[in-house]
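Visitor: Please pick one part of this protein and take me through it closely. I would like to learn what it touches and what empty space lies beside it.

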Amino acid sequence: MSDNKDQIRTFVKEELEIFGGPLYMPESQAEQEPETIQVNTDNHKLTSFNSEIHNCLNCPLGASRTKFVFGSGNPDADLMFVGEAPGEREDLAGIPFVGRAGKLLDDILKAIDLNREDVYIANVLKCRTPNNRDPKKEEIEACEPYLIKQIEIIKPKLLVALGRISAMTLLRTKDSLTAMRGQVFDYHGTDMVVTYHPAALLRNPNWKRPAWEDFKKIREMYRGNTGEAT
Ligand code: URA
């Protein structure tokens, strides 16, 4: 009986810590920008790479974007997240994951004792697609070399694909998200795992529980790969 109570307490604590906010988040809070990232990236290879490519017109999305969304966070991060493509708010801000999905991602990071200054976040596509439609094959082909170069510069110890599009792109597979979750892939020598996209978690709250299991593993692997104490 008391075991049950403990389990319930843990469950409620986790739900509140990670998912309480976004599930019940009032619109005004949903519109807040995430915390400002205080990482000095001056003179970093990544900054010069951004300068080289930020006027990109290699695919038609270049002409319709407001801002090129290169990526943000710690350029020397051991943990890197890869999302799909900027949405409306990211297109306006020039920063990935600043909308509701970004707020959820921030909360999840916090729940595994991390914040945006500890990680790097980028997308497969650097420009918004019209009405946030799925990226086209030719758009991914045009943009993926940028992501590959970012990964080469950052050299994370753990790569996390957020959602199927990101995982399919990085792993060159058509497998389902279900098939990919729970596995550790080798992305050119870097450990890589796949989990739900935060926007999918907002649409399907039932996936939050398995997502939390994924993020607990991510925390464990991150600590293991970086030699951080648990
Ligand atoms: N969804 C993404 O995949 N990336 C963002 O930057 C925002 C929403």
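Guide: A helix here is a DSSP run of H or I with at least four residues, and helices are numbered from the N terminus. Please keep in mind that you are looking at a predicted model. Let's take helix 7, which covers residues 137–154, and look at its partners one at a time.

Start with helix 3, residues 45–53. The axes of helix 3 and helix 7 come within 10 Å and cross at roughly 165°. Angles over 145 degrees count as roughly antiparallel, and therefore helix 3 and helix 7 are roughly antiparallel to each other. Their crossing is right-handed. Which residues of the two helices meet? On the helix 3 side they are K45, L46, F49 and I53, and on the helix 7 side Y146, K149, Q150, I153 and I154. Sorted by class, this contact has six nonpolar residues, one polar and two charged.

Now turn to helix 8, residues 164–171. The axes of helix 7 and helix 8 come within 11 Å and cross at roughly 80°, which makes helix 7 roughly perpendicular to helix 8. From helix 7, the residues I140, E144, L147 and I151 meet I165, T169 and L170 of helix 8. Five of the residues in this contact are nonpolar, one is polar and one is charged.

Next comes the empty space. Rolling a probe the size of a water molecule over the atoms shows where such space is left. How many cavities of 30 Å³ or more are there? The count comes to one, and about 80 Å³ of space lies in the largest cavity. Helix 7 and helix 4 (61–64) each supply at least two residues of its lining. Helix 7 gives the most, with three residues. Among the lining residues are A142, C143 and Y146, together with C56, C59, L61 and F68. You have already seen Y146, as it is one of the helix 7 residues that meet helix 3. By class, the cavity lining has nine nonpolar residues, two polar and one charged.

F68, from that cavity lining, leads us to G94. G94 is in contact with K67, F68 and V69, leaving aside its neighbours within four places in sequence. G94 lies in the loop between helix 5 and helix 6. The C-alpha atoms of G94 and F70 are separated by 7.4 Å, although these residues are 24 apart along the chain.

Finally, let's see where helix 8 turns up again. The largest pocket holds about 850 Å³ of space and is lined by 32 residues. Helix 8 gives two or more residues to this lining, as do helix 5, helix 6, helix 9 and helix 10. Helix 10 has the largest share, four residues. Lying nearest the centre of the pocket are A101, H197, A199, A200 and R203. The pocket lining divides into 12 nonpolar, nine polar and 11 charged residues. So much for our tour: back on the model, you can find helix 7 where it meets helix 3 through residues such as Y146 and K149, and helix 8 through others, including I140 and L147.

Notes: Residues are numbered from 1 along each chain as its sequence is written. This is a predicted model: local features need pLDDT of at least 70, side-chain atom pairs count only at pLDDT 80 or more; totals for chains, interfaces and linings use all residues. Side-chain values use heavy atoms; hydrogens and water are left out. Axes are lines fitted to C-alpha atoms, for helices over the stretch in contact, and angles run from 0 to 180 degrees between N-to-C directions. Angles under 35 degrees count as roughly parallel, over 145 as roughly antiparallel, 65 to 115 as roughly perpendicular and the rest as oblique. A crossing is left-handed if the near helix is turned anticlockwise from the far one by less than a right angle, and right-handed if clockwise. Contact means heavy atoms within 4.5 Å. Ala, Val, Leu, Ile, Met, Phe, Trp, Tyr, Cys and Pro count as nonpolar, Asp, Glu, Lys and Arg as charged, and the others, Gly among them, as polar. On a 1 Å grid over the protein atoms alone, a cavity is a set of points where a 1.4 Å probe fits but cannot get out, and a pocket is an open set with protein on both sides within 12 Å along at least five of seven lines; lining residues have an atom within 4 Å of a point. Grid points are joined across faces, edges and corners, and a volume is the space filled by probe spheres set on the points.
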